[in-house]
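This briefing introduces a structure to a reader who has not met it before. It turns to the contact between chains and to pairs of charged side chains.

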Number of protein chains: 2
Amino acid sequence: MKKSEQKMQDILSFIEEYTKNSGYPPTYREISANVNLKSINSVKKYLDRLELSGYIKKSGFKSRSIDLVKQEIPTVNFPVVGRVAAGQPILAEQNIEDRLVISSSLIGNYDDSLLFALKVRGDSMIDAGINDGDLAIVHSQNTVENGEIAVAMVEDKATVKYFYKNKDKISLHPANALYQPIEGKNISVVGKVVAIIRKI
Amino acid sequence: MKKSEQKMQDILSFIEEYTKNSGYPPTYREISANVNLKSINSVKKYLDRLELSGYIKKSGFKSRSIDLVKQEIPTVNFPVVGRVAAGQPILAEQNIEDRLVISSSLIGNYDDSLLFALKVRGDSMIDAGINDGDLAIVHSQNTVENGEIAVAMVEDKATVKYFYKNKDKISLHPANALYQPIEGKNISVVGKVVAIIRKI
DNA sequence: TCAAAAGTCAAACATTTGTTCTATTTTTAC
DNA sequence: GTAAAAATAGAACAAATGTTTGACTTTTGA
């Protein structure tokens, strides 16, 4: 490797670290002091090269205007709801226990703001590979397709089941022979389970 | 809410958005132009208040030195390994298909650099709630405790099984009555399964 | 309502910061 | 090894950016 290419690497690394630590990028002089360059003109030339190579973007004459064009991994950010208070919408502030982040690619292409997570209680879906304590990632929606796994409110409690609808008659099917399907009244779909996460 | 408190909120929001979009924080003048304040002195006073309130940190006389003290959700970042090439270490560059991010709280307290993910093939662990196609998050380690779920190399293929060891005799137990345990030779543990993620 | 407190504004200033220029030194490539 | 190219350095300059001051206006709270 050429000596100057090593320097380019060093400068890029310094910018990344500085920005991470400070919350804002370094100045040319701060860079020069930290990569063993006495001249800020040298720094400028390196930054010009880094920009040409696509590693950074700059805006002329603006201070600290180094924009690292890093390839961030896309993520979604959603709340974890705990015990759902009777009568409240499921995403009400007081139901939210925590917030989590996961890579967008781990779920489908869903709108960030319509996702939430729910801890599954009980073993009624165990034959679908959903265990007690698993975290279900849910997309808020008022209806799901037959055979999909839904989160539904049944008498003010959230439950995870297979959803079926036949002539306006809704039934929620467990995946466990020990349980009976739930049918009929007071069932409202609040979302579709799009992912399951289990901590072992 | 006081009128000035609303302004504080607006300014904070603007700084967050600007920083996210640009990669560096705004100047006082850029803020003043975007929150309907004609005087940069007003901006300074608000920033001083925001700093006193702990929302930002500044460094005197430095341009764009607004450090948002946002409470980021802690995450871990790890590679997804695909088909493991025979003879190669599992984390070899050519085995890595992708990189993912998840909240640290979704797994135990493990070292970021020792984690990887692996797509589970087959239904041999189905009674443990691990389905074909599930993503296993794995912590690299050479040994696991009896009864834990391990990733082991058996004849150059990675497999997920319950691990048992009795007098130096290792056996890997499936969670499916249709399969037999694997015993004996050519088994090396590469990690412990710490989480399961399933996209539905 | 009314006085005090808080907020806003404009302008001048001090400091930082990016840019340009020229000369010198080092590195590269044949 | 040698000449051309590249990199470095120092300094002067231009532009931007944060700070301070003082007067004016609006908001707040009794």
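Which residues are linked with Arg64(A) in a network of salt bridges? They are Glu30(A) and Lys62(B), where a salt bridge is a side-chain nitrogen of Lys or Arg within 4 Å of a carboxyl oxygen of Asp or Glu. The model is predicted: local features need pLDDT of at least 70, side-chain atom pairs count only at pLDDT 80 or more, and totals for chains, interfaces and linings use all residues. Residues are numbered from 1 along each chain as its sequence is written, chains are lettered from A and ligands numbered from 1 in the order in which they are written, and side-chain values use heavy atoms, with hydrogens and water left out.

**Extent of the interface**

- Contact, meaning heavy atoms within 4.5 Å, joins 41 residues of chain A to 41 residues of chain B.
- The two chains bury about 3,100 Å² between them, with 54% of it on carbon and sulfur atoms; buried area is the accessible area (1.4 Å probe) that two parts lose on being put together, summed over both.
- In chain A, the residues that lose the most area to chain B are Tyr24(A), Leu106(A) and Ile200(A), which together account for 20% of what that side buries.

**Polar and charged links between the chains**

- Between chain A and chain B there are 2 salt bridges.
- Lys62(A) forms a salt bridge with Glu30(B), the closest N and O atoms being 3.8 Å apart.
- There are also 17 residue pairs in polar contact between the chains, both residues at pLDDT 80 or more. A polar contact is a pair of N or O atoms within 3.5 Å; within protein, one must be able to donate a hydrogen and the other to accept it, and residues adjacent in sequence count only if both atoms are side-chain atoms.

**Elements on the chain A side**

- Helices (H or I, at least four residues) and strands (E, at least two) are DSSP runs, numbered from the N terminus.
- At least two residues of the side of chain A that touches chain B come from each of α1 (3-22), β2 (66-68), β3 (75-81), β4 (96-103) and β11 (187-199) of chain A.
- β11(A) provides the largest share of that side, 7 residues.
- β11(A) pairs with strand β11 (residues 187-199) of chain B in the antiparallel sense over 5 bridges; two strands pair if DSSP finds at least two bridges between them.
- Within this pairing, Ile196(A) has Arg198(B) in β11(B) as its bridge partner.

**Salt bridges within a chain**

- Over all chains, the whole structure holds 16 salt bridges.
- Arg198(A) and Asp134(A) meet through their side chains in a salt bridge (2.9 Å, N to O). Arg198(A) is in strand β11 of chain A and Asp134(A) in the loop between β5 (115-119) and β6 (135-140) of chain A, 64 residues apart.
- Both Arg198(A) and Asp134(A) are buried; buried means under 20% relative accessible area, exposed over 50%, and partly exposed in between (1.4 Å probe, protein chains only).
- Lys192(A) forms a salt bridge with Glu148(A), the closest N and O atoms being 3.4 Å apart. Because Lys192(A) lies in strand β11 of chain A and Glu148(A) in the loop between β6 and β7 (149-154) of chain A, the pair ties together parts that are 44 residues apart in sequence.
- Lys192(A) counts as buried at 16% relative accessibility, whereas Glu148(A) counts as partly exposed at 23%.
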